[in-house]
Amino acid sequence: MSEPIVLASEQPPIRRSGLWLVGIALYILLISTGAVLGGEIGNFTTASFNVLPFVGLAILAYFAGSQFNWAWIATGLWLALVIGLTAVYALGFGIVGIILPLEGFDANQPPNISPDAVGSIVRLMLVIFVAIGIGLLTMLPPLRQALARFMPLDPASFVHTVALMAIVTISLIMFAPLLIIGEPPLLILINSLGGENFIELTPDEQLRNQVYGLVWTIPAAFLAVGFGIRRNFRAALERLGLARPSYRQLAIGIGLGLGLAGLMSIAIPLLDRLWQTLGWPTTDTEAFGQLMAFAISPIGALIIGVTAGLGEELAVRGVLQPRLGIVLSNIFFTSLHAFQYHWDALLVVFVIGIVCGLVRKYTNTTTAAIVHGLYNFVMVMLAVTSESL
């Protein structure tokens with residue numbers, strides 16, 4: 001069954017300003033403690049920065065309500081900051097990917113910025129500006145009304161408008177470096193610097209950071225759907241699609257997860273062969289292997305399966321899909337992989353996301369997380385097996 005769509009506007013506001021101030025104060029205290037103590041506590045608190053921009057934006061948008069007030073201004077400023085940071089992030093990685101040589105890197109020799117490189121940087125900046133311009137168009141009510149015909153979007157909702165603009169803009173910006181450079185920027189860095197120089201953390205530290213990210217993502221997802229502002233805990237669970245799966249749903253999740261892993265283990269080599277036959281570049285598997293080397297173990301497969309499966313499904317299929325639809329939320333999901341995958345692998349990510357989106361629509365987010373998590377687990381275990389042969 002499809003989950004009921006409960007609009008935030010249907011929920012009475014929850015007035016707990018004092019609790020919110022206490023919560024913010026505790027978070028600041030925790031971050032300060034992590035900064036002072038450093039080490040593992042510092043790594044744990046720092047992991048919250050990955051979700052803070054989006055959670056802060058959602059909270060401000062919910063506080064803004066339907067009438068102009070201080071929260072409208074604060075939301076606009078925060079949204080500009082989030083988009084600006086995303087643009088700087090993409091531009092920075094893009095510039096480094098443009099100027100670094102593909103073969104080797106001499107730290108004592110500054111890179112030679114050729115006229116072609118300057119032209120690529122200018123084009124990258126233009127694409128990012130165009131992405132921001134397209135995002136700004138979503139502020140037009142007629143466009144939102146048109147989009148509402150194809151997605152469960154309330155064109156009059158301030159919260160939905162903010163979410164739409166943020167997701168459209170960020171998705172387009174994240175694709176920009178790959179579009180201009182023609183290679184995923186993270187893999188260019190690994191090829192130029194070497195995996196051991198680019199990735200300073202040990203495999204154990206990287207795995208722990210995956211867990212820390214999930215720990216912060218779970219409460220962030222609840223806050224992003226208005227928990228404590230527009231929804232109580234039960235309503236937030238329903239909005240996120242978190243429910244105990246039935247035996248039938250559990251069987252569907254396990255079957256789809258295993259089936260997708262088996263299908264993709266056959267389809268990906270065929271897709272690579274087709275891509276190469278057409279003369280299109282494919283994802284550099286050697287560089288990607290160095291990027292993901294920390295996870296190529298049974299415990300790594302388990303952690304990646306749980307953290308990516310539950311964390312990404314909560315954020316994308318739980319928070320975004322009920323308002324932005326399967327396609328747009330999945331484009332955002334795919335864009336988050338555009339720094340490490342070429343178009344061939346991004347197509348696979350998009351297909352997996354569509355499957356998870358359909359599972360979320362007709363069952364719940366929990367079942368979608370089972371599909372996603374089991375798929376990731378099996379694919380990593382296949383890599384572990386291939387290395388041991």
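**Exercise 1. What follows helix 8, and is its phi positive or negative?**

*Task.* Find the residue just after helix 8, then describe how well the helix itself is covered.

*Solution.* Keep in mind that you are working with a predicted model.

- Step 1. Gly-194 follows helix 8, and the phi of Gly-194 is positive, near 90°.
- Step 2. Step back into the helix, which spans residues 185-193. Seven of its nine residues are buried, so helix 8 is mostly covered.
- Step 3. Name the buried ones: Pro-185, Leu-186, Leu-187, Ile-188, Leu-189, Ile-190 and Ser-192.
- Step 4. Now look at Leu-193, which also belongs to helix 8. Its relative accessible area is 25%, so Leu-193 is partly exposed, because buried would require a value under 20%.
- Step 5. Pick a partner for a distance check: Leu-100 lies 93 residues from Leu-193 along the chain, while their C-alpha atoms are separated by 9.0 Å.

**Exercise 2. How does the radius of gyration of the chain agree with that of a compact globule?**

*Task.* Describe the overall build of the chain, from its helices to its surface.

*Solution.* Start with the secondary structure and work outwards.

- Step 1. Count the elements: the chain holds 16 helices and zero strands.
- Step 2. For 389 residues, a compact globule would have a radius of gyration near 21 Å. The chain has 21 Å, so the two agree.
- Step 3. Put a box around the C-alpha atoms along the principal axes; roughly 60 × 50 × 50 Å is filled.
- Step 4. Turn to burial: 45% of the 389 residues count as buried.
- Step 5. Consider contacts between residues at least 6 apart in sequence; 78% of them join residues at least 24 apart.
- Step 6. Finish on the outside, where the accessible surface comes to about 19,600 Å² and carbon and sulfur atoms account for 70% of it.
- Step 7. Add the charges: the chain has 17 positive and 20 negative ones, and their mean positions are 22 Å apart.

**Exercise 3. Are Ser-171 and Thr-86 buried or exposed?**

*Task.* Place each of these two residues in a helix and list what each one touches, leaving out residues up to four places away in sequence.

*Solution.* Take the residues one at a time.

- Step 1. Ser-171 sits in helix 7, which covers residues 158-181.
- Step 2. With a relative accessible area of 2%, Ser-171 is buried.
- Step 3. The contacts of Ser-171 are Ile-331, Phe-332 and Ser-335.
- Step 4. Thr-86 sits in helix 4, residues 70-99.
- Step 5. At 11% relative accessible area, Thr-86 is buried too.
- Step 6. Thr-86 touches Ile-170, Ile-173 and Met-174.

**Exercise 4. Which kind of aromatic pair do Tyr-27 and Trp-216 form?**

*Task.* Classify two aromatic pairs, then place Phe-44 in its surroundings.

*Solution.* A pair of aromatic rings is described by the distance of the centres and the angle of the planes.

- Step 1. The whole structure contains 13 aromatic pairs. In one of them, the ring centres of Tyr-27 and Trp-216 are 5.9 Å apart and the planes meet at 85°, so this pair is edge-to-face.
- Step 2. The pair links distant parts of the chain: Tyr-27 is in helix 1 (residues 17-37) and Trp-216 in helix 10 (residues 203-224), 189 residues apart.
- Step 3. Compare burial: Tyr-27 is partly exposed at 24% relative accessibility, whereas Trp-216 is buried at 14%.
- Step 4. Move on to Phe-222 and Phe-233, with centres 5.3 Å apart and 5° between the planes; this pair is stacked.
- Step 5. Phe-222 belongs to helix 10 and Phe-233 to helix 11 (residues 233-240), 11 residues apart. Phe-222 is buried at 10%, and Phe-233 is partly exposed at 46%.
- Step 6. Return to the earlier pair: Tyr-27 and Trp-216 form one aromatic cluster with Phe-44 and Tyr-212.
- Step 7. Phe-44 is in helix 2, residues 39-46, and counts as partly exposed at 24% relative accessibility.
- Step 8. Leaving out residues up to four places away in sequence, Phe-44 touches Tyr-212, Val-215 and Trp-216.
- Step 9. For a last distance, take Phe-332: it lies 288 residues from Phe-44 along the chain, and their C-alpha atoms are separated by 26 Å.

Definitions and conventions
Residues are numbered from 1 along each chain as its sequence is written. This is a predicted model: local features need pLDDT of at least 70, side-chain atom pairs count only at pLDDT 80 or more; totals for chains, interfaces and linings use all residues. Side-chain values use heavy atoms; hydrogens and water are left out. Helices (H or I, at least four residues) and strands (E, at least two) are DSSP runs, numbered from the N terminus. The radius of gyration is taken over C-alpha atoms; the globule rule is 2.2 Å times the number of residues to the power 0.38. Buried means under 20% relative accessible area, exposed over 50%, partly exposed in between (1.4 Å probe, protein chains only). Contact means heavy atoms within 4.5 Å. Accessible areas come from the Shrake-Rupley method with a 1.4 Å probe; for residues, only the protein chains shown count as cover. Lys and Arg count as positive and Asp and Glu as negative; His and the chain ends are not counted. The place of a charge is taken as NZ of Lys, CZ of Arg, CG of Asp or CD of Glu. Rings of Phe, Tyr and Trp (its six-membered ring) pair if their centres lie within 6.5 Å; planes under 30 degrees apart count as stacked, over 60 as edge-to-face and the rest as tilted.
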